[in-house]
Amino acid sequence: MATKDIIDTLAGIEPGSALDGIRAKRIQARDNAQKSYLSLFEPIDAGDVSRVERAAVALFVIGLHREPTMAGFYRAKLAATADGARLVEAVDVEIARGETSGPYGAFPTGPLSVENKAGLIYRVSAERKPDLGDRLAAAFEHAHLLVFRPRDAAAADMKALLAAGWSNTGIVTFSQLVAFLSFQVRVVTGLRVLGASLGRTTNAAAGA
């Protein structure tokens with residue numbers, strides 16, 4: 001059975017609805033987003049990044065974006081993977097520890113330095129690191145960097161992933177995953193706002 005379109009699922013879009021019609025007008029963009037999701041989260045061959053790691057990173061990143069409905073989807077996805085259920089509590093704890101507002105960080109010395117902003121430098125707690133393992137601990141710290149402090153990303157951060165056991169290919173996949181999740185949050189949030197607006201317009205017209 002074909003996997004239901006992930007963005008439709010997370011945005012609560014029903015077949016035949018106004019939002020469904022709007023998305024259907026950009027069928028290529030819709031299809032490409034679904035193909036990206038399937039390649040990242042339902043790969044035939046997980047390769048250097050296990051399905052458990054993919055789901056755990058997804059839950060952590062979406063949790064940082066404070067999207068409870070989307071987080072619920074990825075929490076269930078993690079729990080359904082082999083060995084994933086034992087990780088859910090640890091990931092939720094780390095989401096709470098990593099919550100902050102951004103973006104922030106420092107620009108190279110120059111005109112943009114006036115926009116430098118200090119913020120949380122997230123590190124996985126010592127209590128939860130044994131549960132997560134070195135690879136996921138390093139992935140969470142790097143994901144937090146990409147979400148909140150992208151301007152601070154440096155070669156040393158990549159070396160930390162390599163030191164934790166990530167391969168170059170795995171790092172590429174991990175980076176694509178974080179980028180896709182950020183895109184997914186923006187699209188789903190936008191569609192929800194649009195859907196609410198359409199609903200208000202429809203209700204106003206019905207009451208006229």
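These legends accompany several close-up views of the predicted model shown above.

**View 1. The largest nonpolar core brings together residues from several helices.**
In this view, start with the core itself, which has 54 residues. The residues with the most contacts inside this core are Phe41, Val57, Leu78, Val91 and Phe140. At least two core residues each come from helix 1 (6-11), helix 3 (27-41), helix 4 (51-64), helix 5 (68-80), helix 6 (88-98), helix 7 (129-148) and helix 9 (168-207). Helix 4 gives the largest share, with 10 residues. If you wonder about the background, nonpolar side chains tend to be buried together in soluble globular proteins.

**View 2. Leu78 and the residues in contact with it.**
Here we zoom in on one of the core residues with the most contacts, Leu78. Which residues is Leu78 in contact with, leaving aside its neighbours within four places in sequence? They are Val52, Ala55, Ala56, Leu59, Gly84, Ala85, Leu87, Val88 and Val91. Val91 also appears in the list of core residues with the most contacts.

**View 3. Helix 3 and helix 4 cross at an oblique angle.**
Two packed helices are described by the angle between their axes and the distance between the axes. For helix 3 and helix 4, the axes come within 9 Å and cross at roughly 125°. The two helices are therefore oblique to each other. Helix 3 brings Ser39, Leu40 and Phe41 to the contact, while helix 4 brings Arg51, Arg54 and Ala58. Sorted by class, these are three nonpolar, one polar and two charged residues.

**View 4. Glu67 is a buried residue in a loop.**
Look for Glu67 in the loop between helix 4 and helix 5. Is Glu67 buried or exposed? Its relative accessibility is 13%, so Glu67 counts as buried, the cut-off being under 20%. The side chain of Glu67 is joined to that of Arg192 by a polar contact of 2.7 Å. Beyond its neighbours within four places in sequence, Glu67 is in contact with Ile62, Val185, Thr189 and Arg192.

**View 5. Arg66 and Asp83 are loop residues with positive phi values.**
Arg66 is found in the loop between helix 4 and helix 5. Phi of Arg66 is near 55°, a positive value in a residue other than glycine. With a relative accessible area of 46%, Arg66 is partly exposed. Now turn to Asp83, in the loop between helix 5 and helix 6. Phi of Asp83 is also positive, near 70°, and this residue too is other than glycine. Asp83 is exposed, with a relative accessible area of 57%.

Definitions and conventions
Residues are numbered from 1 along each chain as its sequence is written. This is a predicted model: local features need pLDDT of at least 70, side-chain atom pairs count only at pLDDT 80 or more; totals for chains, interfaces and linings use all residues. Side-chain values use heavy atoms; hydrogens and water are left out. A nonpolar core is a set of buried Ala, Val, Leu, Ile, Met, Phe, Trp, Tyr and Cys residues joined through side-chain atoms within 4.5 Å. Buried means under 20% relative accessible area, exposed over 50%, partly exposed in between (1.4 Å probe, protein chains only). Helices (H or I, at least four residues) and strands (E, at least two) are DSSP runs, numbered from the N terminus. Contact means heavy atoms within 4.5 Å. Axes are lines fitted to C-alpha atoms, for helices over the stretch in contact, and angles run from 0 to 180 degrees between N-to-C directions. Angles under 35 degrees count as roughly parallel, over 145 as roughly antiparallel, 65 to 115 as roughly perpendicular and the rest as oblique. Ala, Val, Leu, Ile, Met, Phe, Trp, Tyr, Cys and Pro count as nonpolar, Asp, Glu, Lys and Arg as charged, and the others, Gly among them, as polar. A polar contact is a pair of N or O atoms within 3.5 Å; within protein, one must be able to donate a hydrogen and the other to accept it, and residues adjacent in sequence count only if both atoms are side-chain atoms.
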